[in-house]
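User: I would like to learn how features of a protein model are read from its atoms, one feature at a time. Could we begin with what it takes for two residues to count as touching?

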Amino acid sequence: MPCEERIHLSPDESQDAEALIAAALTRVKNAADVEQLRVLEREYLGAGGMVGALLASIPTLPPDQRKATGQRANRIKAAVEAALAERKTALEDAALEKESGGGAFDATLPGARVERGSLHPITQVTRELEDLFTSMGYVVLDGPEVERDWYNFEALNIPKDHPARDAQDTFYCEGKGDLVLRTHTSPCQVRAMETMKPPFRAIVPGKVFRQETTDASHEHTFHQMEGLVVGRDISVGHLIGAMKTLLRGVFGRDIEVRLRPGYFPFVEPGFELDAKCPFCKSGCSVCKQSTWIELLPCGMVHPNVLKSGGIDPEHWSGFAFGLGLSRLVMLRHKIDDVRHLLAGDLRFLEQF
Ligand code: FA5
């Protein structure tokens, strides 16, 4: 604002208050930004500003002029304050509009969509199986993923030089004594025996690790669920009954099963349980045209394992199974590659 346009207030009655107000309002209206408004505010209303000077001069005036001068000062003050507030709001609105791309704010537009997540398919199946087994009197246990060699192998009847160790390529924790990343959930068999008195039933879902080359059906990190029942006179019949209940829970109907001999040092006898393919009658890609799907290794707990867990095999017997949860999820959702499960790709996960 050029200096010559400024009109200086004076207590002189000849000064026209209306002209002062008009000039002030014009300057406020033309202020280009909030900083200029602050300068004008100081000039008119600040300590030592024009209105202040006018008010301060009142005591020096002849008594008959004082009231009118006071009224004039207050009128100017109110007008300038109102103009400043109005211009400030206008400048702020303009800045907001510029920020939002110039378009007016539309209060009727729908809000931004809040994305809802869902449970991972492995978690879904795990929870369903936990519900199923707890309804049959099983307890759900948890065990360490970094495990001692003793629990992962030795207590399971797999001594250091046993060839069965080669079947599960192991991640050894370097410089950490006998620690390994557990290769299966079976170490929890002995941990369960140490903490519970027989008879008992337990399941242990969890993550396991193997140092192996990955392909469509092999991951280095995958999920299993161990099952263990210890009681008096537990037989293969109990084992088959429990497995059929498991399959009915997962597939929603009775599934035919067959047992083949299978070797695991910690069960005797040991079996591979195959399920009749739930997707076909005469062969498909899931069952590799055989109509049977290899699903679940299991067997009667070896007496040496019961002993490792402090349980007398003369009085107690049991069965155990090691369900491949990742493979079960693949089967259920017809997933053709196990590596999708832990890849963290949202396009895959959003389907569940
Ligand atoms: C075991 O791990 C035994 N602990 C199972 C067991 C428990 C037997 C109790 C007897 C009694 P196996 O190595 O076969 O067994 O693995 C069990 C299941 O894990 C397999 O049937 C398969 O479904 C799954 N599995 C094995 N390796 C992989 C892998 N690399 N990727 C994904 N799933 C796998």
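Analyst: Contact means that heavy atoms lie within 4.5 Å. This is a predicted model, and in it alanine 320 touches Gln189, Gly227, Leu228, Leu239, Cys298, Gly299 and Val301, once residues up to four places away in sequence are set aside. Alanine 320 belongs to strand β9, which covers residues 317-324.

User: Is alanine 320 buried or exposed, and how is that decided?

Analyst: A residue counts as buried when its relative accessible area is under 20%. Alanine 320 has a relative accessible area of 3%, and it is therefore buried. Contact lists can also be set beside distances along the chain: alanine 320 and threonine 134 are 186 residues apart in sequence, while their C-alpha atoms are 16 Å apart in space.

User: Where does valine 257 lie, and which residues is it in contact with?

Analyst: Valine 257 is in strand β6, residues 257-261, and its relative accessibility of 18% is why it counts as buried. Leaving aside neighbours within four places in sequence, valine 257 is in contact with Ile240, Lys244, Leu247, Leu273, Asp274, Ala275 and Trp292. The C-alpha atoms of valine 257 and lysine 276 are separated by 6.0 Å, although these residues are 19 apart along the chain.

User: How should I read a polar side chain that is buried, and what does the side chain of histidine 184 reach?

Analyst: One looks for nitrogen or oxygen partners, a polar contact being a pair of N or O atoms within 3.5 Å. Histidine 184 lies in the loop between β3 (179-181) and α8 (187-195), and it counts as buried because its relative accessibility is 3%. Its side chain reaches the backbone oxygen of asparagine 152 at 3.1 Å, and a polar contact of 3.5 Å joins the side chains of histidine 184 and serine 186. Among the residues that histidine 184 touches, beyond those up to four places away in sequence, are Asn152, Gln168, Arg210 and Phe266.

User: How can the length of a helix be checked, and which side of α2 holds its buried residues?

Analyst: The span expected at 1.5 Å a residue is compared with the distance between the end C-alpha atoms; for the 12 residues of helix α2 (residues 34-45) the expected span is 16 Å and the ends are 16 Å apart, which agrees. In α2, Leu37, Leu40, Glu43 and Tyr44 are buried. They cover an arc of only 125° around the axis, so they sit on the same side of α2. The elements covering these buried residues include α1 (17-30), α3 (50-57) and α4 (63-99). At the start of α2, a side-chain oxygen of aspartate 33 comes within 3.2 Å of the backbone nitrogen of glutamate 35.

User: What does the same check give for α4?

Analyst: The 37 residues of α4 should span 54 Å, and the end C-alpha atoms are 55 Å apart, which agrees. Its buried residues include Thr69, Arg72, Ile76, Val80, Leu84 and Leu91, and what covers the buried residues of α4 includes α1, α2 and α3. Just after α4, glycine 101 takes a positive phi of about 85°.

User: Which residues other than glycine have a positive phi?

Analyst: Aspartate 233 is one of them, with phi near 55°; it is in the loop between β5 (221-231) and α9 (236-251), and it is exposed, with a relative accessible area of 66%. Lysine 334 also has a positive phi of about 55° without being a glycine; it is found in the loop between α11 (325-333) and α12 (346-349), and its relative accessible area of 54% makes it exposed.

User: Where does a cis peptide bond occur?

Analyst: The angle to read is omega. A cis peptide bond joins proline 198 and proline 199, with omega of about 5°, and proline 199 is in the loop between α8 and β4 (200-209). Another cis peptide bond joins glutamate 268 and proline 269, where omega is about 0°, and proline 269 lies in strand β7, residues 267-276.

Terms used:
Residues are numbered from 1 along each chain as its sequence is written. This is a predicted model: local features need pLDDT of at least 70, side-chain atom pairs count only at pLDDT 80 or more; totals for chains, interfaces and linings use all residues. Side-chain values use heavy atoms; hydrogens and water are left out. Helices (H or I, at least four residues) and strands (E, at least two) are DSSP runs, numbered from the N terminus. The expected span of a helix is 1.5 Å times one less than its number of residues. Buried means under 20% relative accessible area, exposed over 50%, partly exposed in between (1.4 Å probe, protein chains only). The arc is that of the directions from the helix axis to the C-beta atoms. A polar contact is a pair of N or O atoms within 3.5 Å; within protein, one must be able to donate a hydrogen and the other to accept it, and residues adjacent in sequence count only if both atoms are side-chain atoms.
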